[in-house]
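Subject: Structure handover

Hello,

Here is the structure I promised to pass on. Please open it alongside this email.

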Amino acid sequence: MTPPIAASVRLTFAALVAAFVAATVGARASAGPGEWSADLAPVGACADSEDATAPALEKQRAITCLVNWARSRHSRHSLAPSRPLRRAAVLKGRRVASCGQLSHSPCGSDPLAAVRATGFPYSLFGEDLWSGPSGVSARGVVAGWLASPRHRAVMLQRGFRYFGAGLVYAPGFLGNSDGAVWVATFASRR
């Protein structure tokens, strides 16, 4: 099952720059049919998703809700929260922050090292990264991923069943004095 994993990693890596730009400059698209903004849950649909001051755990829950809302619009399975995938997300976020590189392979590391370190038996894996100021709401983070066609494709990919989101505070990262790195991990079990 190596090809889907490699394809998913290539897909998310290629989309990294586009999502970063969309998330950090606040790019928005019109809400026409087929546009990414139609996949963003309406305000109030996910608890605490608009609260930029919400604690990290509440933002994680809101991100899960927002991701599942977008997936439901495309008849995809809802993703179950996974502690190992949340841990993989945090491990990847720490590596990204410590290396100072917004990359799926920071400092040249194996892009799958974090999920392997958790022991999660995956057959399909993907991840999305986001970086910006720590005071961004869950809705802002998910909007950044949705605005990037390739990150959106990972989020909506068929076959995923489990999800984890992790936040790492990274003061000074990419010029943000109150920087943060969000990592979303998507997987299915072997």
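Below is what was found in it, starting with confidence.

This is a predicted model. The protein chain has an average pLDDT of 85, and 82% of the residues reach at least 70. The low point is α1, with a mean of 33, while β1 is the high point at 98. Residues 1-33 sit below 50, although that stretch still makes 60 contacts in the model beyond near neighbours in sequence. Where pLDDT is low, the coordinates should not be read in detail.

Helix α2

Helix α2 covers residues 56-73. At 1.5 Å a residue, its 18 residues should span 26 Å, and the end C-alpha atoms are indeed 26 Å apart, so the expected and modelled lengths agree. Its buried residues include Lys-59, Gln-60, Ile-63, Asn-68 and Arg-71. Nonpolar side chains are on that list too, among them Ala-62, Leu-66, Val-67 and Ala-70. The buried residues of α2 pack against β1 (80-81), α3 (83-99), α5 (138-147), α6 (149-156), β3 (162-169) and β4 (179-189). Just past the helix, Ser-75 has a positive phi of about 55°.

Disulfides

How many disulfides does the model hold? The count is two. One links Cys-46 and Cys-65, with an S to S distance of 2.1 Å. The torsion about its S-S bond is about -75°, so this disulfide is left-handed. Cys-46 lies in the loop between α1 (2-25) and α2, and Cys-65 lies in α2 itself, so the bond ties together parts 19 residues apart in sequence. Cys-46 is buried at 1% relative accessible area. Cys-65 is partly exposed at 28%.

The other disulfide joins Cys-99 to Cys-107, with the sulfur atoms 1.9 Å apart. Its S-S torsion is -130°, and this link is left-handed as well. Cys-99 counts as buried, at 17% relative accessibility, because the cut-off for buried is under 20%. Cys-107 is partly exposed at 44%. With the bonded cysteines numbered in sequence order, the pairing is 1-2, 3-4.

Cores

The largest nonpolar core has 30 residues. Those with the most contacts inside it are Ile-63, Val-142, Trp-145, Met-155, Phe-163, Trp-182 and Phe-186. Two or more residues come from each of α2, β2 (122-133), α5, α6, β3 and β4. The largest share, six residues, is from α5.

Trp-182 is worth a look in the viewer. Leaving aside neighbours within four places in sequence, its contacts include Ala-56, Lys-59, Gln-60 and Ile-63. Asp-128, Leu-129 and Trp-130 are also among its contacts, as are Val-141, Trp-145, Ala-165, Gly-166 and Leu-167.

A second, separate core has nine residues, including Leu-85, Val-115, Phe-125 and Ala-187.

Gly-159

Where is Gly-159 found? It is in the loop between α6 and β3. Gly-159 is partly exposed, at 30% relative accessible area. Not counting residues up to four places away in sequence, Gly-159 touches Leu-124 and Ser-188. Leu-79 is 80 residues from Gly-159 in sequence, yet their C-alpha atoms are 10.0 Å apart.

Best wishes

How values were computed. Residues are numbered from 1 along each chain as its sequence is written. Side-chain values use heavy atoms; hydrogens and water are left out. Helices (H or I, at least four residues) and strands (E, at least two) are DSSP runs, numbered from the N terminus. The expected span of a helix is 1.5 Å times one less than its number of residues. Buried means under 20% relative accessible area, exposed over 50%, partly exposed in between (1.4 Å probe, protein chains only). Contact means heavy atoms within 4.5 Å. A disulfide is a pair of cysteine sulfur atoms within 2.5 Å. pLDDT is the predictor's confidence in each residue, from 0 to 100. A nonpolar core is a set of buried Ala, Val, Leu, Ile, Met, Phe, Trp, Tyr and Cys residues joined through side-chain atoms within 4.5 Å.
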